[in-house]
Amino acid sequence: MKISCLQENLSRGLAVVGRAVASRATLPVTQNVLLSVEQSMLKLSATNLEIAMTTWVGASIQEEGSITVPARLLTEFVNSLPNDTIDLTLDQGSGLLEISSGNSNAHINTTEASEFPPIPTVDDGIAAQVDPLVLKSAITRVAFAAATEESRPVLTGVEMKLDAGKFTMAAADGFRLAVHHGDLLNSVSEEMSVIIPARTMNELNRLVGDREEPVEILMTPAKGQVMFRVQGADRIEIVSQLLQGTFPNYEQLIPQSYTTRAIMDLPTVLRSARTAAIFARDGSNIIRMHLLPAEADSEPPKVEISARSEEVGDNKDVVDLDEIEGEEGKIAFNSRYLLDVLAVLDKGKVALETTTSSSPGVFRPTDSDDYIHVVMPMFVQW
Amino acid sequence: MTIKVLPPNLSAKIAAGEVVERPASVVKELVENSIDAGASQITVEIKAGGVEQIKVIDDGHGIPADEVAVAFQRHATSKVDTQDHLDAIATLGFRGEALPSISVVSRTIILTRQPLNTAGFRMEWHWGEPKSSGVHGCPPGTSIEVSDLFGNLPARRKFLRSSTAEASRIQELVSRYALVFPGVRFQLVVDGRTSFTSTGSGLPLEALLAVYGHQATTAMLEIHDDDLETGYQVDGFVSAPSLSRANRRYMTFFVNRRWVQSRMLSYAVEEAYMGLLQVKRFPLVALNIIIPYQDVDVNYHPSKREVRFREENQVFSTVQRAVRGALVADSPVPSLASPYASDSQSTIPTPFLLRSTFSGVPNGRGMPDYSSNRIGEPPGLTDSMLSAPPLNVVGQLKQTYIVAENSVGMFLVDQHAAHERVLFDQIYEERNQKESASQTILDVVSVDLTPAQDDALKANQEELVKYGFQFEYFGDRSYLLRAVPAIFRDGDPAQSLLDVLDMTAFEGLVRQKEDVTAASIACHGAIRAGKSLTELEMVALLEQLAATPNPHTCPHGRPTMVHFSSMHIEREFGRR
């Protein structure tokens, strides 16, 4: 193998696939990155056996071949080089990869490409295309609600359902549920649903970045895999194992009615919730929300957001509501769950729908019906 | 009121009260009869804690049909016939009081057949009066069914505890007999569910396994000690010092295979453990002391729970020696306890400590406790050491212990125990402030419980709710779980309930009710040994620990930290 490429391109490629390099390796070769030549380009691949990432770097190929080298060593060395041409030459006899650029010259021990786990490819299956902005927004609003502990594996994933021209993403960790509906750019022929690890979704979100080209999704539930192809200045493929199991039937967990519906200004209520979280932190992390209809016509309806800790003290913010429908409502949330949902909704207005203080609270942005977030309350003394 | 002789019916009831105190006493009397009848299989079935029904079925040698009615008369027994017999009682029963006493306070049905007879005999008694009798088919052996216990003594019934509590006494009793009669296959059926069985294989270890479970069994030491001079013999099992309990309930003694309660024997065992267990910790013990029959008086208490020894001192020293011998044989360095104990008074250092703690050599089962005992106790560790110079984290050892130091030396902190203490205090405080954080669950889960878990749940229902569990009965040991304590947010809610119940069931026998639930919750929520911690996490944990009122022990009484004084370390390196 003998190739030349630009330091800048190689460095960027390594940074991309570096996210898939195994950190603790049961299979040591997974700490390596696979270099190979494909379609007159240098192809970089890495896998931790759960996610595999592949990207292509423009290069001039003098001699084809493939080899694996320790990812961290290569990445750090390439990053330390000036932005110049890098020559990569594999000495078949010694098995050393020579890397030279300007005055620098290094030899790195390699492991044969045949020892690298096969990088799965997804060629067939259901293909869909989605607008990168729509995809990013869906992942941002959903993936955080997935469980982080492994005790119930399916909950560490995001359920993604494709149906005609629509997709639905849902995640739940046993105490909250986030559901987002979005449009596909094409229409799929068959309805399909898979559970994708939340980690994959977060990586995808990061890689999509500010690209404008549609993201391609290829699902093959039969093989237990999904592939995302990100286009743009460079091409990246992420292949992820799917989580096996049955995702909770969340439709039935979304309350169909409410007794109180309060519409609040997001930045204002987020600020108050953050203040309350400071006090909740030393107690049980409980933030109470007391929704109050207007007492007189001239007065606006209000929400009291409060927290207390026996040791520290307490605080209460009274925030004007835009609107309230129904009666007075009381509900208490874990501060993290409340802050998480308010933070991803970010701007505009949000409606909080409650029934009793022991039934779920439902958050919906007022500007669209795309998103529903259900948070289970905490039992507290009022 | 004039003085008069009580009518027989009344005096019988009074006498019955001495023998039959509660359902467990009925079971005890009947099981002892079965054992005396040479049974190899004994099945005990109880309903509603034994108050509704107790049934004891054996495959013993049965009672001849013509003697059944006699057996129900006071002081009627086949086990003793002369004064000489009474001086050397080899059977468990002998007073001839059990059947009459039981039949006076219940409705009793006896079914019995001698193996060589073709037909059995059935007789029914209601409140001490014979109701019906006659030939009846039945398998060989005797089955006695006692229903509506104390139905004619409402006062006694009122003093009975909940049926779960009575059932657990019976369970304890049956399992104790299973320990000392490993050749008998015991089966206990509580409300239609088999709650305990022993194999009856004759192997004491199998009986131990059935009673204490795998984990405890592996930590038990076998004792077999013959004193040729006195003819006394001590057999059974004691726990290695690594395994201990918070009270004496797990110390079971038998004298000539008769279950007895004896302060003297407990004391002898505790003496043997001197220096090996922490203060207020007690071993698990199941010992049978075999003493020539003439040297023990079992006719001392109507329920035969207490016995008298002719040579009390002899018994004491035999038991103590036997137990100590087993402990010493197990311990890799028998002299360990004493030299180290003297170390706190600044005498000879023992190089063993460092070796055993750091070499990672698989040390004896008892090892961790030796060190904790020596060092976890004052004066090794005082509040001033902890709070005055705060601990600086040095690192983590075996992903289990935090190595920390301050000006008085080095500390090893058990991360699980330390976190448990922190959580326990937090949970306990929240509960007292009625602020227990209870997090409702998105997707209500149904949880199936084992009988033991079910019992633990019923016994601690109120506490579990106070600490943040919300559940409702869903039929047949299933519950719908709606909320869990907020500290369990990261785990599987169903699993957290099961774990807490398991721990409660286990600890519940030995601790105050309230603490059990909190301790179990803390234990489940705490970080486990084997989890690697970042430095920030370790610092935070030590800070939180220092802020608790009782940082030195975890809620189960184990030490959270072990101290190695600077003086000691310097001496080890020959700097002093």
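Let's start where the two chains meet: strand β27 (residues 378–379) of chain A and β19(B) run antiparallel and are joined by 2 bridges. At one of these positions, A:F379 has B:S438 of β19(B) as its bridge partner. Please keep in mind that this is a predicted model. From this strand pairing we move out to the rest of the interface, and then to two open sheets in chain B, one of 5 strands and one of 4 strands.

**The interface between chains A and B**

- Contact involves 23 residues of chain B and 28 residues of chain A.
- Together the two chains bury about 2,200 Å², and carbon and sulfur atoms account for 53% of that area.
- The search across this interface gives 0 salt bridges, while 5 residue pairs are in polar contact, both residues being at pLDDT 80 or more.
- On the chain B side, α15 (415–432), β19 (438–448) and β21 (478–485) each supply at least two of the residues that touch chain A.
- The largest share of that side, 7 residues, comes from β19(B), the strand that also bridges to β27 of chain A.
- By residue type, the side of chain B that touches chain A divides into 8 nonpolar, 7 polar and 8 charged residues.

**The five-stranded sheet of chain B**

- This open sheet follows the order β9-β10-β13-β11-β12, and its pairing is mixed.
- Its edges are β9 (220–227) and β12 (258–260) of chain B, each of which pairs on one side only.
- On average, neighbouring strands here are turned by 20 degrees against each other, direction ignored.
- Inside the sheet, β11 (residues 251–255) and β13 (residues 285–290) of chain B run parallel and are joined by 5 bridges; B:T252 has B:A286 in β13(B) as its bridge partner.
- Two helices of chain B lie across β11, β12 and β13: α7 (residues 163–180) runs at about 55 degrees to β11(B), and α9 (residues 263–272) runs at about 120 degrees to β11(B).

**The four-stranded sheet of chain B**

- Here the order is β16-β17-β18-β22, again in an open sheet, with antiparallel pairing.
- The edge strands are β16 and β22 (561–565) of chain B, and each pairs on one side only.
- Neighbouring strands are turned by 25 degrees against each other on average, direction ignored.
- Strands β16 (residues 392–397) and β17 (residues 401–406) of chain B are joined by 5 bridges; B:N392 is partnered with B:E405, and B:V393 with B:A404.
- The hairpin made by β16(B) and β17(B) has 3 residues between its strands, and B:K398 in the turn has a positive phi of about 50 degrees.
- A further hairpin, formed by β17(B) and β18(B), has 2 residues between its strands.
- In that hairpin, 6 bridges join β17(B) to β18 (residues 409–414) of chain B, with B:V403 standing opposite B:L412.

**Helices on the four-stranded sheet**

- Helix α15(B) lies across β16, β17 and β18 of chain B, at about 75 degrees to β18(B).
- Helix α20 (residues 535–547) of chain B also packs on the sheet, where it touches β16, β17, β18 and β22; its direction makes about 115 degrees with that of β16(B).
- Helix α15(B) links two of our topics: it lies across strands of this sheet and supplies at least two residues to the side of chain B that touches chain A.

How values were computed. Residues are numbered from 1 along each chain as its sequence is written. Chains are lettered from A and ligands numbered from 1 in the order in which they are written. This is a predicted model: local features need pLDDT of at least 70, side-chain atom pairs count only at pLDDT 80 or more; totals for chains, interfaces and linings use all residues. Side-chain values use heavy atoms; hydrogens and water are left out. Contact means heavy atoms within 4.5 Å. Buried area is the accessible area (1.4 Å probe) that two parts lose on being put together, summed over both. A salt bridge is a side-chain nitrogen of Lys or Arg within 4 Å of a carboxyl oxygen of Asp or Glu. A polar contact is a pair of N or O atoms within 3.5 Å; within protein, one must be able to donate a hydrogen and the other to accept it, and residues adjacent in sequence count only if both atoms are side-chain atoms. Ala, Val, Leu, Ile, Met, Phe, Trp, Tyr, Cys and Pro count as nonpolar, Asp, Glu, Lys and Arg as charged, and the others, Gly among them, as polar. Two strands pair if DSSP finds at least two bridges between them. Axes are lines fitted to C-alpha atoms, for helices over the stretch in contact, and angles run from 0 to 180 degrees between N-to-C directions.
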